Amino acid sequence: MAKCQLLLLFLVFLLLAAHAKSCHPDDLRALQGFAGNLGGGGALLRAAWSGASCCGWEGVGCDGGRGRVTVLRLPGYGLSGPVPGASLGGLAQLEELFLGSNSFTGSLPTSLFSLVGLQKLSFESNQLTGQLSTHLQELKNLTLLDLSVNRFSGRLPDVFHDLTSLIHLSMHSNGFSGSLPPSLSSLLSLRELNLENNSLSGPIARVNFSGMPLLASIDFAANYLSGSLPISIADCTELKSLSLANNQLVGTIPSWIRELVHLRYLDLSNNSLIGDVPKGLTLLKGLTTADRSQRMAFINMPLYVKRNRRTLQQQPNVITGTNNYVRSGDGNTVSGNDNTVISGNDNTVSGSDNTVRSGNKNVLTGSNHVVSGTNNVVSDNDHVVNGNNNVVSGGNNMVTGNNNVVSGSDHVVYGNNKVVSGG
């Protein structure tokens, strides 16, 4: 009798487990449509997403009861092509969408903004273009928005007064231009604001930082912002990091900065600031540690304006061309146009629109590469490489792993020690 009861309980458990992984038919169709419209790693995704129990699929999360898809996380899967907006729009209960570190192109589809329940949205490190739609204001529940390291352009829409739940906002390393939208002042819950490495201009005081009392990090470095440091920053009493380097700020460093008692990092270098560094800054214990040189930067302060974004925060780096940017690292050689080295040492980059996110001793030639890792040799066009010691040539290849040799076009390679050619 006891054995029969145990067997019955086990069968009930299996049924419940199977039911828990089943998902709503609308969500199943939406996910199948999403995978069916992807290039690159989409073929691998379609093979992995089999059957009807989509709540058990890799990267998919559902709520506990109704089987509705609430989470889609597919960062670094080598997915390419336009964002399948119509399919994503079918995931009516979606709350988290993470599609960063892929190769999506084109603009953000309007149907994406119909997902009014979205709380977290990330397309960082893709190849998205175009202007950011004013329909962004419809995503009123967003707490995280990360569109950094793409190719967006145009003005930032002045719609942030409707996004007051935002905690993290990052749009660095794009081509946004024009003045700062005043509605940023409405983000009362915001803790991180990163608009570094764009082409934003006009007075920094267009934003009233008094409306963002919880801010812990402000990064507007490598833009063309002007005017003096707004006193409203003094109301950000939780501020730990302030980077306004490589802009066109004028005036003196104000004494009220000493009121930011939690400040741990301050970079005001390469502006047109004049005068002495306020003595009151020595009272900020977080800025006066043994590694002070890494926490405070006032390089080229007197009467100096950085006219372009060829930035050198650590030396020695060699940069030629236009609109190239080295965030940190030593011994990097960058030539051509619109290249970015975010971190790493001894990278050699030539061509156009290449990005080294992290790593050392990478060699990039050609155009439109995104590389992370060490000792990768990448040539020709449109590659995404993650890992170490890979040799990649041709076009439109996605490589993740180590010690791979890939030539030809349109390959998706995962793993180690593979030799792939053709295409």
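**Close-up views of a predicted model**

**View 1. W49 and W57 form a stacked aromatic pair.** W49 and W57 are both buried. The model shown in this and the following views is predicted. The ring centres of W49 and W57 lie 5.1 Å apart and their planes meet at 15 degrees. An angle under 30 degrees counts as stacked, so this pair is classed as stacked. The two tryptophans also belong to an aromatic cluster, together with F34. F34 is one of the buried residues of helix α2, which is shown in View 5. In total, the structure holds five aromatic pairs.

**View 2. F209 and F220 form a tilted aromatic pair.** Their ring centres are 6.2 Å apart, and the planes stand at 45 degrees to each other, so the pair is tilted. The pair links distant parts of the chain, with the two positions eleven residues apart in numbering. F209 is in the loop between β14 and β15 (217-219), while F220 is in the loop between β15 and β16 (224-227). F209 has a relative accessible area of 0% and is buried. F220 is buried as well, with a relative accessible area of 1%.

**View 3. C23 and C54 form a disulfide.** A disulfide is a covalent bond between the sulfur atoms of two cysteines. The structure holds two disulfides, and in this one the sulfur atoms are 1.7 Å apart. C23 lies in the loop between α1 (2-21) and α2 (25-36). C54 lies in the loop between α3 (42-48) and β2 (60-62), so the pair ties together parts that are 31 residues apart in sequence. The torsion about the S-S bond of C23 and C54 is about 125 degrees, which makes the disulfide right-handed. Both cysteines are buried.

**View 4. C55 and C62 form a disulfide of left-handed torsion.** The sulfur atoms of C55 and C62 are 2.0 Å apart. The torsion about their S-S bond is about -95 degrees, so the disulfide is left-handed. The two cysteines fall into separate accessibility classes: C55 counts as buried at 13% relative accessibility, whereas C62, with a relative accessible area of 23%, is partly exposed. The line between these classes is drawn at 20%. With bonded cysteines counted along the chain, the disulfides of the protein follow the pattern 1-2, 3-4. Another cysteine, C236, has 0% relative accessibility and counts as buried.

**View 5. The buried residues of helix α2 line one face.** The residues of α2 that count as buried are D27, L28, A30, L31, F34 and A35. Seen down the helix axis, these residues fall within an arc of 165 degrees, so they line one face of the helix. They pack against α3, β2, β3 (69-73), α4 (85-88) and β6. The helix has twelve residues, which at 1.5 Å a residue should span 16 Å. The end C-alpha atoms of α2 are 16 Å apart, in agreement with that expectation.

**View 6. R73 lies over the face of F98.** The distance from R73 to the ring centre of F98 is 4.1 Å. Sequence position 73 ends strand β3 (69-73), and position 98 ends strand β5 (96-98).

**View 7. S101 and N197 have positive phi values.** Most residues other than glycine have a negative phi. S101 is not a glycine, yet its phi is positive, at about 55 degrees. S101 is placed in the loop between β5 (96-98) and β6 (103-106). Its relative accessibility is 15%, so S101 counts as buried. N197, also a residue other than glycine, has a positive phi near 60 degrees. N197 lies in the loop between β13 (192-194) and β14 (199-203). N197 is buried, with a relative accessible area of 2%.

**View 8. S107 and S133 have C-alpha atoms 9.1 Å apart.** Along the chain, S107 and S133 are separated by 26 residues. S107 lies in the loop between β6 and β7 (120-122). With a relative accessible area of 45%, S107 is partly exposed.

Conventions. Residues numbered from 1 in each chain as written. Predicted model: local features only at pLDDT ≥ 70, side-chain atom pairs only at ≥ 80, totals over all residues. Heavy atoms only, no water. Helix = DSSP H or I, 4+ residues; strand = E, 2+ residues; numbered from the N terminus. Buried < 20%, exposed > 50% of the residue type's maximum accessible area, 1.4 Å probe, protein only. Phe/Tyr/Trp six-rings, centres within 6.5 Å; stacked < 30°, edge-to-face > 60°. Lys NZ or Arg CZ within 6 Å of the ring centre and 35° of its normal. Disulfide = S-S within 2.5 Å. Expected span 1.5 Å × (residues − 1). Arc of directions from axis to C-beta. Contact = heavy atoms within 4.5 Å.
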